[in-house]
Amino acid sequence: LGEIEGDAITRLDILREISTRIAREIAVDISSIVIEKNKVTMVGTTASVQSVDTIIQSLKDYEQFASVEKGSVTSGSQEATMRFTLTILLKGGEEKK
């Protein structure tokens, strides 16, 4: 799976952190995850906007994630689901302002 930015973090590390940090009590279905050099884009569905916010907060606690930003959140194709997009910037890969 390879390393990102030298030996700081691997793609496998990222997948492991995402899967362990999302609480088991939150029903979430990740339909897409794209891991690039400096960022991760994740698309999925969950029960509510509150669940999306809980996922974001749990991911922000990981020291290798510089930021976790909520993208679009819309009603899912199934009743009582929300489709969401998250963008995670990795440490060392933050955009310069």
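I started with Leu86 and looked up what touches it, skipping neighbours within four places in sequence: its contacts (heavy atoms within 4.5 Å) are Val40, Thr41, Met42, Val52, Ile55, Ile56, Leu59, Glu69 and Lys70. Note to self: this is a predicted model, where local features need pLDDT of at least 70, side-chain atom pairs count only at pLDDT 80 or more, and totals for chains, interfaces and linings use all residues. Residues are numbered from 1 along each chain as its sequence is written, and side-chain values use heavy atoms, with hydrogens and water left out.

Next, the largest nonpolar core (buried Ala, Val, Leu, Ile, Met, Phe, Trp, Tyr and Cys joined through side-chain atoms within 4.5 Å). I found 19 residues in it, and Leu86 is among those touching the most other members, along with Ile14, Ile18, Ile55, Leu59, Phe65 and Ile88. Helices H1 and H2 and strands S4, S5 and S6 each give two or more residues to this core. (Helices are DSSP runs of H or I, at least four residues; strands are E runs, at least two; numbering goes from the N terminus.)

Then I checked salt bridges (Lys or Arg side-chain nitrogen within 4 Å of an Asp or Glu carboxyl oxygen) and got 3. Glu17 pairs with Arg21 at 2.6 Å; they sit 4 residues apart in helix H1, about one helical turn. Which of these two is buried and which partly exposed? Buried means under 20% relative accessible area, exposed over 50%, partly exposed in between (1.4 Å probe, protein chains only). Glu17 is buried at 17%, while Arg21 is partly exposed at 26%.

Lys70 meets Asp53 at 2.7 Å, N to O. That pair links distant parts of the chain, strand S5 and helix H2, 17 residues apart.
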